[in-house]
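Trainee: I should like to go through this model and ask, for each label, what justifies it. May we begin once the structure is in view?

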Amino acid sequence: MPEHTKVMGKEWADARREANVARLRATLATALAGRTGITFELGCGHGHWLAAYAAAHPGEYCVGIDLITHRVERSVRKQTLGKLDNVIFLKAEATEFLEALPSQVNLAKIFILYPDPWPKKKHHKNRFISPANLALLASRASPGARLHFRTDNADYFDWTLDHLSAHPKWRVEPGNTWPFEQKTFFEERMKDRRDVFAVRAE
Ligand SMILES: C[S@@+](CC[C@H](N)C(=O)[O-])C[C@H]1O[C@@H](n2cnc3c(N)ncnc32)[C@H](O)[C@@H]1O
C-alpha cells in the first residue's frame with residue numbers, strides 16, 4: 001500500500017475513533033447522570049446474561065456493550081420486554097467506551113463472558129486481554145472492583161490468568177464461584193467453561 005494511503009487510513013481511523021468517543025461521551029453523560037458505580041459487561045452479545053443479572057440485582061446499575069448492532073438490538077429488546085430500569089445496552093467498542101465514561105463513574109464489577117478467543121497464534125494480538133487493556137480497565141475500576149472472566153478456550157484461560165497475575169493493578173483470586181448463572185447465547189454452544197476472578201488492587 002502506498003505510504004500516503006496508509007497515512008490517510010490512519011487519519012481516517014483516528015477521526016472515526018474520536019467521533020465515536022464524542023458520541024458515547026454525550027450518550028453516557030445523560031444515561032449515567034448521578035451514578036458513581038456500574039456493573040459492566042464487555043461483549044454482551046444478545047444480552048441474555050446481563051438482562052437476567054439486572055433483573056436479579058435491582059440494586060445495581062448495569063451497562064452492557066457490544067460491537068455488533070443486531071446483538072445490541074436484541075439486548076435492548078430484552079431490557080424493554082423485561083421492563084428493566086437498571087440496565088442499558090449500547091453499541092460501543094470497549095476501549096472507546098472506557099475513554100468516554102464520565103469521570104465520576106467507576107466500574108464496580110466487570111464481566112467478560114466467552115470473549116473471542118482468537119485461537120491462532122498470529123491472531124493472539126487481537127485478544128481483548130492484554131497489558132494495555134488491563135491497565136485501561138483498572139484505571140476505570142474502583143479499588144476492590146471484581147473482574148469475572150469466563151471462556152471455553154483452554155489457551156485463552158491460561159493467557160488471561162498469566163496476564164492478570166503479571167499485572168500490578170490486578171490480584172487473581174483463585175477458588176471463587178461464578179456469582180450468577182444464566183446461559184449466554186455462546187455458552188449454549190460451548191462444551192467447556194473456565195473461570196478467572198481478579199480484584200482491582202488497592
Ligand atoms: C463470542 S461473543 C460472546 C457474546 C456473549 N458474551 C455470549 O457469551 O453470548 C464475543 C462478543 O464480544 C464482542 N466484542 C469483541 N470485541 C469487543 C470490543 N472491543 N468491544 C465491545 N465488544 C466486543 C463481539 O462483538 C461479540 O458479540
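Trainee: What covers the buried residues of α2?

Mentor: This is a predicted model, and in it the cover over the buried residues of α2 includes β1, β2, α3, β3 and β4. The buried residues of that helix are His48, Trp49, Leu50, Ala51, Tyr53 and Ala54.

Trainee: How do you know that Leu81 is exposed or buried?

Mentor: Leu81 has 9 C-beta neighbours inside 10 Å. The limit for an exposed residue is 12 or fewer, so Leu81 counts as exposed. This leucine lies in helix α3, residues 69-81. Its C-alpha is 34 Å from that of Tyr156, and 75 residues separate the two in sequence.

Trainee: Why is Glu187 called partly exposed?

Mentor: Glu187 has 17 C-beta neighbours inside 10 Å. A buried residue needs 20 or more and an exposed one has 12 or fewer; Glu187 therefore counts as partly exposed. The residue lies in the loop between β6 and β7. Leaving aside neighbours within four places in sequence, Glu187 is in contact with Tyr114 and Arg193. Glu187 and Arg150 are 37 residues apart in sequence, and their C-alpha atoms are 9.7 Å apart in space.

Trainee: What makes Lys83 notable in its backbone, and is this residue buried or exposed?

Mentor: Lys83 has a positive phi of about 50° although it is not a glycine. Most residues other than glycine have a negative phi. Lys83 is placed in the loop between α3 and β3. With 7 C-beta neighbours inside 10 Å, set against a limit of 12 or fewer, Lys83 counts as exposed.

Trainee: What is the phi of Trp118, and where does this residue lie?

Mentor: Trp118 has a positive phi of about 40° although it is not a glycine. Trp118 lies in the loop between β4 and α5. It has 17 other C-beta atoms within 10 Å, so Trp118 is partly exposed.

Trainee: How do you know that strand β2 is mostly covered?

Mentor: Of the 5 residues of β2 (residues 62-66), 5 are buried. On one side these are Cys62, Gly64 and Asp66, and on the other Val63 and Ile65, so that both faces are covered.

Trainee: What makes β2 a partner of β1, and what makes it a partner of β3?

Mentor: Pairing requires at least two bridges. Strand β1 (residues 37-42) is joined to β2 by 4 bridges, and the two run parallel; Thr39 stands opposite Cys62 there. Between β2 and β3 (residues 87-91) there are 5 bridges, again with a parallel run, and Ile65 stands opposite Leu90. The chain crosses from β2 through α3 to β3, and this β-α-β crossover is right-handed.

Trainee: Which other elements make right-handed β-α-β units?

Mentor: One such unit consists of β1, helix α2 (residues 48-56) and β2. Another consists of β4, α5 and β5. In the latter, β4 and β5 run parallel and are joined by 6 bridges, with Leu113 opposite Arg150.

Trainee: Which strands pair with β7 in the antiparallel sense?

Mentor: Strand β5 (residues 141-151) pairs with β7 (residues 194-200) over 6 bridges in the antiparallel sense. Phe149 has Val196 as its bridge partner, and His148 stands opposite Phe197. Strand β6 (residues 170-172) also runs antiparallel to β7, joined by 3 bridges; Val172 stands opposite Ala198.

Trainee: Which residues touch the most other members of the largest nonpolar core?

Mentor: That core has 42 residues, and Ile38, Leu50, Cys62, Leu107, Ile110 and Leu137 touch the most other members. Not counting residues up to four places away in sequence, Leu107 touches Ile38, Phe40, Leu137, Arg140, Ala141 and Ala145. In soluble globular proteins, nonpolar side chains tend to be buried together.

Trainee: Which residues come nearest to the ligand, and how does the shell around it divide?

Mentor: Of the 20 residues around the ligand, Gly43, Gly45, Ala94, Thr184 and Phe186 come nearest. The shell divides into 12 nonpolar, 3 polar and 5 charged residues.

Terms used. Residues numbered from 1 in each chain as written. Predicted model: local features only at pLDDT ≥ 70, side-chain atom pairs only at ≥ 80, totals over all residues. Near = placed C-beta within 6 Å. Nonpolar A, V, L, I, M, F, W, Y, C, P; charged D, E, K, R; others polar. Core = buried A, V, L, I, M, F, W, Y, C linked by C-beta atoms within 7 Å. Contact = placed C-beta atoms within 7 Å. Right-handed = clockwise from strand over helix to strand, strands pointing away.
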